[in-house]
Amino acid sequence: MDAMRLIEASRCALARSQEPAAIVAEVWQSQALAQAIGSRLAVAGPPELRGEALGLSELSGRGCAVLSPPQQPGPEEIRAAGLTEIGDAHDTLLGLGALLGEVGIALVTVAMGADGEGMYWQCMEAIDAADESRDRVLEMLRRLARSGGAANSGGGALDRGRGDWVTEGRSPSC
């Protein structure tokens, strides 16, 4: 499955999650997807993105590692395992940036309602990993824009500030 379809599926699943356990499970899935996309871009993406993409993969892996979903998904349940192609790197990165922003918001909600310190600190570390991953995505978008890889589709949105580029009317159509 292409990256954009997986990102959309992850955004929808996260949006539908209500219970903290379900949210944590979807955050884990989203971080695993970011890790897979980063790995794919590091190996076969545009050369100007490869270093940042490797960093994205590592940070997203850290985001997975700090979370303890109530039930670890089996290999057939890991959405990222279905990644077959990235498609347009610019569009994929825009979608991934939106997903990572939503991950951070969802984790704040879980942290605020956490019963114990353990879950609270897991959420704080995962928020940090998602935020750093999103920073890598932003840097990759900047590099694409500088190299002309963004083809003027959204390049101006990067100038408006940190959050606007990922939320400008691109909500999931669940």
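**Entry 1: helix α3**

I started with helix α3, residues 50–66, in what is a predicted model. I counted 17 residues in α3 and a reach of 25 Å from its first C-alpha to its last. That sits close to the 24 Å expected at 1.5 Å a residue.

Next I asked which residues of α3 are buried. My list reads Glu52, Ala53, Gly55, Leu56, Ser57, Leu59, Ser60, Gly61, Gly63, Cys64 and Val66. I kept a textbook reminder beside it: an α-helix has 3.6 residues a turn, so residues three or four places apart point the same way.

What covers these buried residues of α3? I found that the cover includes α2 (20–44), α4 (89–112) and α5 (117–147).

**Entry 2: the chain as a whole**

I then stepped back to the full chain. I noted 6 helices and 0 strands, and from the N terminus on the elements run α-α-α-α-α-α. Of the 174 residues in the chain, 47% are buried.

I also looked up how contacts are spread along the sequence. Taking contacts between residues at least 6 apart, I see that 80% join residues at least 24 apart. The accessible surface of the chain comes to about 8,300 Å², and carbon and sulfur atoms hold 51% of that surface.

**Entry 3: the nonpolar core**

How many residues does the largest nonpolar core have? I got 42, and Ile37 and Leu96 are those with the most contacts inside this core. Then I checked where the core residues come from: α1 (3–16), α2, α3, α4 and α5 each supply at least two. The largest share, 11 residues, comes from α4. For context, I wrote down that nonpolar side chains tend to be buried together in soluble globular proteins.

I followed Ile37 a little further. Leaving aside residues up to four places away in sequence, Ile37 touches Ala3, Ile7, Leu83, Ile86, Thr92 and Leu96. It was nice to meet Leu96 again here, as Leu96 and Ile37 are the residues with the most contacts inside the core.

**Entry 4: an aromatic pair**

Last, I went looking for aromatic rings. The structure holds 1 aromatic pair. Why is the pair of Tyr120 and Trp121 edge-to-face? The ring centres lie 5.0 Å apart and the planes stand at 85°, and planes over 60 degrees apart count as edge-to-face.

Are Tyr120 and Trp121 buried, partly exposed or exposed? I read 33% relative accessibility for Tyr120, so Tyr120 counts as partly exposed. Trp121 has 47% relative accessibility and therefore counts as partly exposed; the cut-off for exposed is over 50%.

Conventions. Residues numbered from 1 in each chain as written. Predicted model: local features only at pLDDT ≥ 70, side-chain atom pairs only at ≥ 80, totals over all residues. Heavy atoms only, no water. Helix = DSSP H or I, 4+ residues; strand = E, 2+ residues; numbered from the N terminus. Expected span 1.5 Å × (residues − 1). Buried < 20%, exposed > 50% of the residue type's maximum accessible area, 1.4 Å probe, protein only. Contact = heavy atoms within 4.5 Å. Areas by Shrake-Rupley, 256 points an atom, 1.4 Å probe, with all protein chains shown as cover. Phe/Tyr/Trp six-rings, centres within 6.5 Å; stacked < 30°, edge-to-face > 60°. Core = buried A, V, L, I, M, F, W, Y, C linked by side-chain atoms within 4.5 Å.
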